[in-house]
Amino acid sequence: MSSEVSRRQFLEAAALGGAVVRSLAGAAAMPARTLGRTGASVSILTFGAGSRFLGLKREPSIQMLHRALDLGINFVDTGANYGDGESERRIGEVLSTRRREV
């Protein structure tokens, strides 16, 4: 069984993902789930702050993360090795300007 994805499969999945984001943008609230046993409520969509996020120049990536947070995404995937800490620095910059909900 091959793990390769055809161009067609990729485009179909991307179109479906776009449709989900568009429909969620008009929704009253981002659907959420409880994260394990933590009790924390996290969005069903995750903002990936890896290679695609870091592939953008700083300002557009900052704007993109602000938009994701505005849409209700509160689950951000990052790590110290993502761009030698650049991902975490950008996320920290964005979060430092926003009110934190406890």
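**Salt bridges and core: exercises**

Arg-98 has a relative accessible area of 28% and is partly exposed (buried is under 20%, exposed over 50%, partly exposed in between; 1.4 Å probe, protein chains only). The model is predicted: local features need pLDDT of at least 70 and side-chain atom pairs pLDDT 80 or more, whereas totals for chains, interfaces and linings use all residues. Residues are numbered from 1 along each chain as its sequence is written, and side-chain values use heavy atoms, leaving out hydrogens and water.

**Exercise 1.** Identify the salt-bridge partner of Arg-98 and state which parts of the chain the pair ties together.

*Solution.*
- Step 1: The partner is Asp-70, with the closest N and O atoms 2.8 Å apart (a salt bridge is a side-chain nitrogen of Lys or Arg within 4 Å of a carboxyl oxygen of Asp or Glu).
- Step 2: Asp-70 belongs to helix α3 and Arg-98 to the segment after α4, so the bridge ties together parts 28 residues apart in sequence (helices are DSSP runs, H or I, of at least four residues, and strands are E runs of at least two, numbered from the N terminus).
- Step 3: Asp-70 is exposed, at 52% relative accessibility.

**Exercise 2.** Determine how Glu-93 and Arg-58 are linked, and where each lies.

*Solution.*
- Step 1: Their side chains form a salt bridge of 2.2 Å, N to O.
- Step 2: Glu-93 is in helix α4 and Arg-58 in helix α3, 35 residues apart.
- Step 3: Glu-93 is partly exposed at 31%, and Arg-58 is partly exposed at 37%.

**Exercise 3.** Describe the surroundings of Arg-90, beginning with its salt bridge.

*Solution.*
- Step 1: Arg-90 meets Glu-86 in a salt bridge of 3.0 Å, N to O.
- Step 2: Both residues lie in helix α4, four residues apart, and are therefore separated by about one helical turn.
- Step 3: Arg-90 is buried at 8% relative accessible area, whereas Glu-86 is partly exposed at 24%.
- Step 4: The charged end of Arg-90 sits over the ring of Phe-53, 5.8 Å from its centre (CZ of Arg or NZ of Lys within 6 Å of the ring centre and within 35 degrees of the ring normal).

**Exercise 4.** Locate Phe-53 in the largest nonpolar core and name the helix that gives the most to this core.

*Solution.*
- Step 1: The core has 11 residues, including Phe-47, Phe-53, Leu-65 and Ile-91 (buried Ala, Val, Leu, Ile, Met, Phe, Trp, Tyr and Cys joined through side-chain atoms within 4.5 Å).
- Step 2: Helix α3 gives the most to this core, with four residues.
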